[in-house]
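Reader: I have a new structure open and no idea how to read it. Could you walk me through a few features?

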Amino acid sequence: MDQLLAIRAFARVVEAGSFTRAADSLDMPNATLSKLVQELETHLGIRLLQRTTRRVTVTPEGRDYYEKAMRIVRDLEDIDSACNAESGTPRGYLRIDVGGSTARDVLIPLLPDFVARYPEIRLDLGVSDRAVDLISDSVDCVIRGGPLSDSSLVARHLGDAEMITCAAARYLKTYGVPAYPQELKNGHRLVSYQSSQTGRAFPFRFAQGSETIEIKTEHRIGINESNAHLAAAVAGLGIIQTFRYAAAEDLKSGVLVEILADWQPARYPFHVVYPQNRHLTQRLRLFIEWLREVFPSRLNG
């Protein structure tokens with residue numbers, strides 16, 4: 001058995017969640033992939049995957065083995081990358097996690113530049129507003145907005161996004177345009193953004209000079225994903241607070257209308273974050289440097 005090949009095959013099944021998708025991505029027959037995983041399980045004397053006719057799940061032992069084995073695989077990739085440094089062609093694999101609207105409106109439009117610069121670096125994007133565990137989820141780095149609370153992580157500031165309050169033109173035609181934040185308590189429908197961790201709705205925040213206001217009225221609808229949150233406003237379901245970059249196209253077309261512009265919330269910080277105890281590989285360092293170079297312009301564009 002080629003153990004390294006078997007480990008790579010098993011890891012791809014874990015990441016793809018399917019033998020078929022894993023085999024396709026490795027350009028390998030499904031039967032060959034399945035045989036490699038079975039040989040690895042026999043060699044280890046443990047069950048790594050639970051297979052049914054409908055799905056593949058990772059056993060606790062398989063998850064533990066995956067996390068440990070991938071450290072070795074990435075160390076080998078680092079060695080290969082170092083040996084190829086003289087050729088000036090960084091290579092290897094990066095797994096990045098990013099929120100929904102930030103992926104759609106900021107990161108993905110920028111990625112053609114990174115791919116052109118570093119064509120041998122393979123990127124896997126996890127797109128979700130939920131907070132991931134960088135260690136257990138085997139993520140190299142995350143791009144996230146908001147205050148940072150975990151001191152065990154290294155964070156590099158990428159810029160600050162402008163927040164706005166807005167609603168669909170048809171909603172405002174029906175319910176009127178509020179002139180002051182306090183008017184949101186008087187018959188207006190709010191669509192709150194909810195934390196995917198706690199389920200709690202973020203309050204509507206406003207600032208004018210030194211005065212700050214928080215509106216915590218009961219919302220009609222709460223949504224925990226940024227693209228869906230914006231879609232609710234476009235559908236006329238109520239007033240939201242969101243990033244200007246996320247709403248830019250709908251504001252330009254007139255579908256959404258900015259309100260309470262004199263009471264804009266404080267700007268929202270964005271960081272790229274990675275574990276303090278993780279070796280900063282060449283490819284991760286290059287990705288972070290590239291982000292810090294190009295991200296602010298798109299964040300504020």
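Reader: Let's start with strand 10: which residue stands opposite Glu211 there?

Author: That would be Gln208. Keep in mind as we go that this is a predicted model. To read a pair of strands, look at their direction and their bridges: here strand 9 (residues 204-208) and strand 10 (residues 211-215) run antiparallel, joined by 5 bridges.

Reader: How many residues sit between the strands of that hairpin?

Author: There are 2 residues between strand 9 and strand 10, and Gly209 in this hairpin takes a positive phi near 65°. You'll meet a positive phi again at Gly45, just after helix 3, where the value is about 75°.

Reader: Okay, helix 3. Why does its length make sense?

Author: You can check a helix by its rise along the axis. Helix 3 (residues 30-44) has 15 residues, so at 1.5 Å a residue it should span 21 Å, and its end C-alpha atoms are indeed 21 Å apart.

Reader: And which residues of helix 3 are buried?

Author: Buried here means under 20% relative accessible area. In helix 3 that goes for Leu33, Ser34, Leu36, Val37, Leu40 and Glu41. They cover an arc of only 160° around the axis, so they lie on the same side of helix 3.

Reader: What does the face turned away from that buried side carry?

Author: Exposed residues: Ala31, Lys35 and Thr42 are found on that face of helix 3.

Reader: Now for a sheet. In what order do the strands of the open sheet come?

Author: Read a sheet from one edge to the other. This one has 3 strands in the order 12-7-13, with antiparallel pairing. Its edges are strand 12 (240-243) and strand 13 (256-259), each of which pairs on one side only. From one strand to the next, the twist averages 50°.

Reader: How many bridges link strand 7 and strand 12?

Author: Strand 7 (residues 163-168) pairs with strand 12 over 4 bridges, in the antiparallel sense. For a single pair to find on screen, take Thr165, whose bridge partner in strand 12 is Gln241.

Reader: Which helix lies across those strands?

Author: Helix 8 (residues 244-253) does: it lies across strand 7, strand 12 and strand 13, and runs at about 105° to strand 12.

Reader: Zooming out, what domains does the assignment give?

Author: The protein chain is assigned domain 1 (3-84), domain 2 (92-160 + 268-298) and domain 3 (163-258). Between the C-alpha centres of domain 1 and domain 3 there are 44 Å.

Terms used:
Residues are numbered from 1 along each chain as its sequence is written. This is a predicted model: local features need pLDDT of at least 70, side-chain atom pairs count only at pLDDT 80 or more; totals for chains, interfaces and linings use all residues. Side-chain values use heavy atoms; hydrogens and water are left out. Two strands pair if DSSP finds at least two bridges between them. Axes are lines fitted to C-alpha atoms, for helices over the stretch in contact, and angles run from 0 to 180 degrees between N-to-C directions. Contact means heavy atoms within 4.5 Å. Domain bounds come from an automatic or database domain assignment. The expected span of a helix is 1.5 Å times one less than its number of residues. Buried means under 20% relative accessible area, exposed over 50%, partly exposed in between (1.4 Å probe, protein chains only). The arc is that of the directions from the helix axis to the C-beta atoms.
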